[in-house]
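Please look through the sequence and the 3D structure shown here, keeping in mind that the model is a predicted one. The paragraphs after it are meant to be read with the structure open beside them.

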Amino acid sequence: MMALRTSLPRQAGPWWDGLVIVLTLLTDAFAVAAGYWLAYRWRALSPNNLESAEFYWGLAQFTGIGTLLVLAASGLYRSPGYQSRFDETVKAVFGITIAFTLVIAGAFFFREASFSRLVILYAWGIAAGLAVSARLLIQQFNHKLRGLGFGMRPVLVLGTGPSAHALCRLLEENPQWGLGLAGLVAEDSARARAEVRSVAQLQDLSRYLAEHPVAEVWFALPDCPRPQLLSLLQVVTAQGSVQVRLVPDILEYVTARMQVDVLGGTALLTLQDTPLRYWYNRFWKRLFDVAVAGGALLLGSPLLLALAAAVKLTSPGPIFYRQERIGRDGTTFWIYKFRTMRADAEGQGPGWTTRNDPRRTILGTRLRRSSLDELPQLWNVLVGDMSLVGPRPERPVYVERFSQDIPKYLDRHLVKTGMTGWAQIHGLRGDTSIPERVRFDLYYIENWSLLLDLRIVLATAWQVLRHPQDAY
């Protein structure tokens with residue numbers, strides 16, 4: 001597969017990207033036009049005093065133009081493949097809603113013509129449904145072709161350290177971006193022999209670029225001396241058409257949000273605070289937590305009572321399992337779950353839960369696989385000990401151990417811990433890699449938004465329904 005991707009001409013990437021963007025533009029415009037046409041026909045089936053079809057066609061044109069402008073401002077017509085399905089769906093629906101709202105507001109200035117609110121409402125629903133469906137189909141088609149190597153832009157990564165390997169994983173896991181790994185350029189001969197992805201050494205960079213098609217060169221050389229870095233930059237920029245990207249050391253800046261500012265022609269890299277350090281972001285997150293947790297406890301109270309009775313009747317011991325955990329800023333709190341193990345499960349001290357753990361009760365196995373044992377944590381969320389979304393809380397003994405062995409581990413506690421998180425929806429739950437969990441948790445902290453929280457909550461619900469065996 002790698003050979004196929006790197007053998008493709010780099011000109012195919014921009015050509016295919018442009019075709020996908022044009023196709024998306026056309027389907028968005030068609031969705032709005034079809035929405036108005038179908039809505040008008042549907043409403044006309046009932047007794048009415050509708051304006052002429054030409055009037056609604058005029059509204060459709062204004063709405064279509066407005067939709068394209070709003071979606072363009074939202075970044076939905078940039079290079080395809082960079083938006084997740086969830087983000088693209090939400091942004092598309094939001095953009096279409098804004099366009100329809102602007103048309104309705106503008107139509108009030110024309111008092112001589114009255115329009116049917118039902119036609120507008122139907123048109124909005126149909127247009128949103130068609131636009132999202134078309135976008136998801138195009139994205140899926142694009143993803144499939146990218147996976148086969150079509151239109152991939154070869155990317156050459158300079159370096160063989162942790163940053164370079166992280167970039168390799170990123171490219172290999174996201175073929176929809178249209179960027180295929182051409183290989184790594186090793187710092188010296190010893191690293192070239194040790195690195196299976198190595199295709200050249202730094203000293204041979206000029207010759208490699210002359211002999212192989214490369215669309216982009218990514219510098220992942222955090223320890224490279226400045227004179228050598230400038231020399232390598234000259235070698236790459238001499239190729240003319242090659243895109244150059246400088247990658248800062250991921251481990252060094254992982255807890256910082258970065259922004260590039262240009263002052264007087266000089267580029268400055270500004271390190272920003274994490275979003276949830278601002279009170280207004282914490283306010284909206286807390287409002288989201290209270291609304292969802294409170295509603296879930298109220299609506300789910302019959303289920304909670306039934307589960308509590310089942311735990312009590314099927315095994316001796318308490319209904320709830322209470323355990324001390326570490327939360328935001330290192331504070332401790334008691335986390336609650338339905339008890340899923342024998343009452344004496346930790347008689348020999350704390351232990352990590354594993355798949356097919358013999359300490360579980362029969363009902364406990366079912367509760368864990370369905371994640372229903374976690375429902376009492378909604379109370380932790382409601383009282384403010386936890387959030388719906390955030391890094392999973394650990395016991396003090398594990399926090400002390402991991403903080404000594406894993407860089408940046410304590411930065412997970414910059415925010416409230418959560419019932420679910422970015423790491424968990426990516427399969428990092430139970431007996432999995434702690435450093436990998438930390439990497440995903442820190443990404444969440446750096447990139448928090450209410451939209452991301454909503455995405456994680458919905459993804460968690462979907463995974464629990466589809467893959468209950470993943471929980472143990």
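What follows turns to the nonpolar cores and then to the packing of two helices.

The largest nonpolar core holds 38 residues, and within it F338, L388, Y409, W422, Y444 and I456 are the ones that touch the most other members. Several elements supply two or more residues each to this core: the helices α11 (279–299), α12 (301–314), α14 (377–383), α15 (396–405), α16 (434–446) and α17 (450–466), together with the strands β9 (332–338) and β10 (387–389). Among the contributors, α16 gives the largest share, which amounts to six residues.

To see how one member of this core is surrounded, take Y409, which touches E394, V399, F402, S403, I434 and V438 when residues up to four places away in sequence are not counted. Apart from this core lies another one, made of 19 residues, including A31, A60, A127 and A128.

Two of the helices that contribute to the largest core, α11 and α17, also pack against each other, with their axes 10 Å apart and an angle of about 30 degrees between them. Because angles under 35 degrees count as roughly parallel, α11 is described as roughly parallel to α17. The crossing in which α11 passes α17 is right-handed. On the side of α11 the contact is made by W284, K285 and F288, while α17 brings L450, D453, L454 and V457. Sorted by class, the contact of α11 with α17 consists of five nonpolar and two charged residues, with no polar ones.

Key
Residues numbered from 1 in each chain as written. Predicted model: local features only at pLDDT ≥ 70, side-chain atom pairs only at ≥ 80, totals over all residues. Heavy atoms only, no water. Core = buried A, V, L, I, M, F, W, Y, C linked by side-chain atoms within 4.5 Å. Buried < 20%, exposed > 50% of the residue type's maximum accessible area, 1.4 Å probe, protein only. Helix = DSSP H or I, 4+ residues; strand = E, 2+ residues; numbered from the N terminus. Contact = heavy atoms within 4.5 Å. Axes fitted to C-alpha atoms, helices over the stretch in contact; angles between N-to-C directions. Parallel < 35°, antiparallel > 145°, perpendicular 65-115°, else oblique. Left-handed = near helix turned anticlockwise from the far one by under 90°. Nonpolar A, V, L, I, M, F, W, Y, C, P; charged D, E, K, R; others polar.
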